[in-house]
Structures are given as C-alpha cells and as structure tokens.
Amino acid sequence: PLKEEELIDSLEQGAILIRNPSARLAWSEVDDNLLLFASGQSRLLSGHLRDLLKMICAADALHIENLGQWLKDEEGLTLVCQLVEQGSLGFANE
C-alpha cells in the first residue's frame, strides 16, 4: 500500500499523476455529500471535496501545483492515495 507521506514526497520531487486510460471516473451530488464512482467502486465523500473531484475527473495531469492544497486536507489526501492504490490514478513515469 502507498503511504500518504510517500505520495506527498513523490509529488514534491516532481512526480505527476495521470488518470489510468481504462479508469472510469464520475461523481454526483447526494444531499450535502458527493458520491464518487471510480473503476467499478463507489465511495461517499464530504461535499467540501467538490473542487478536487472536478479536477481529478477533468485534469490531464495532477501535480504538486494543482494538488497542493488538497494534500493538506486529510480526506483529500486519503482519496488521492486510495485512487492511486486502486489503479485509477498512476504515476506518469511508470
């Protein structure tokens, strides 16, 4: 499993995350929360992650510049780490 500290260190050293071309990502609003569908799995998330989900679903590349604030958010960091672990996101150089 990828440790959150390892993810942060990699991104701080210039690593770039990209969406797995076979991964399907979508989300919808459920009351004040968000429901994320990622590679056949779903998870209920806090509504404050809306901008992060928009970016993950639309961005060609995720890096320290656009993920920076979310790496300081415990739920945001956990989500990014989980998406890497399940293979929905991966490091561009792998």
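Strands here are DSSP runs of at least two residues labelled E, and helices are runs of at least four residues labelled H or I, each numbered from the N terminus. With those names in hand, S39 can be placed in the loop between β3 and β4. Please keep in mind that every view below comes from a predicted model.

**View 1. Three strands, β2, β3 and β4, make an open sheet.**
The strands are arranged in the order β2-β3-β4, and their pairing is antiparallel. Strand β2 covers residues 25-30, β3 covers residues 33-38, and β4 covers residues 41-46. From one strand to the next, the twist averages 25 degrees. Because β2 and β4 each have a single partner strand, they stand at the edges of the sheet, and one side of each has no neighbour there.

**View 2. Bridges link β3 to β2 and to β4.**
Antiparallel pairing between β2 and β3 extends over 6 bridges. To follow them, look for L25, whose bridge partner in β3 is A38, and for W27, which is partnered with L36 of β3. On to the next strand: β3 and β4 also run antiparallel and are joined by 6 bridges. Here L36 turns up again, this time with R43 as its bridge partner in β4.

**View 3. Strand β3 has one covered face and one uncovered face.**
Which residues of β3 belong to the covered face? They are L34, L36 and A38. The uncovered face is made up of N33, L35 and F37.

**View 4. Two hairpin turns each carry a residue with positive phi.**
In the hairpin formed by β2 and β3, 2 residues lie between the strands. One residue of this turn, D31, has a positive phi of about 55 degrees, although D31 is not a glycine. The hairpin of β3 and β4 likewise has 2 residues between its strands. In that turn, S39 has a positive phi of about 50 degrees, and S39 is not a glycine either. Are these two residues buried or exposed? D31 is exposed, with a relative accessible area of 74%. S39 counts as partly exposed, at 35% relative accessibility; partly exposed means a value between the 20% limit for buried and the 50% limit for exposed.

**View 5. A26 sits in strand β2.**
A relative accessible area of 36% makes A26 partly exposed. Setting aside neighbours within four places in sequence, A26 is in contact with L35, L36, F37 and C57. Of these, L36 belongs to the covered face of β3, whereas L35 and F37 belong to its uncovered face. For a sense of distance, the C-alpha atoms of A26 and Q41 are separated by 11 Å, and these two residues are 15 places apart along the chain.

**View 6. Helices α2 and α4 lie across strands of the sheet.**
Helix α2, residues 50-58, lies across β2, β3 and β4. Relative to β2, α2 runs at about 155 degrees. Helix α4 lies across β3 and β4, and its angle to β4 is about 170 degrees.

**View 7. Helices α1 and α4 pack against each other.**
Helix α1 spans residues 4-12 and helix α4 spans residues 74-85. Their axes are 10 Å apart and make an angle of about 85 degrees, and the two helices are therefore roughly perpendicular to each other. On the α1 side, the contact is made by E4, L7 and I8, and on the α4 side by L77, T78, V80 and C81. Sorted by class, this contact has 5 nonpolar residues, 1 polar and 1 charged.

**View 8. S88 is tucked into the loop between α4 and β5.**
How accessible is this residue, and what surrounds it? S88 is buried, with a relative accessible area of 0%. Its side chain makes a polar contact of 2.7 Å with the side chain of Q86. Not counting residues up to four places away in sequence, S88 touches I18, R19, N20, A23, L25, A38, S39 and L83. Several of these have appeared in earlier views: L25 and A38 are bridge partners, and S39 lies in the turn of the hairpin formed by β3 and β4.

Conventions:
Residues numbered from 1 in each chain as written. Predicted model: local features only at pLDDT ≥ 70, side-chain atom pairs only at ≥ 80, totals over all residues. Heavy atoms only, no water. Axes fitted to C-alpha atoms, helices over the stretch in contact; angles between N-to-C directions. Parallel < 35°, antiparallel > 145°, perpendicular 65-115°, else oblique. Contact = heavy atoms within 4.5 Å. Nonpolar A, V, L, I, M, F, W, Y, C, P; charged D, E, K, R; others polar. Buried < 20%, exposed > 50% of the residue type's maximum accessible area, 1.4 Å probe, protein only. Pairing = 2+ DSSP bridges. Polar contact = N/O pair within 3.5 Å; in protein donor to acceptor, adjacent residues only side chain to side chain.
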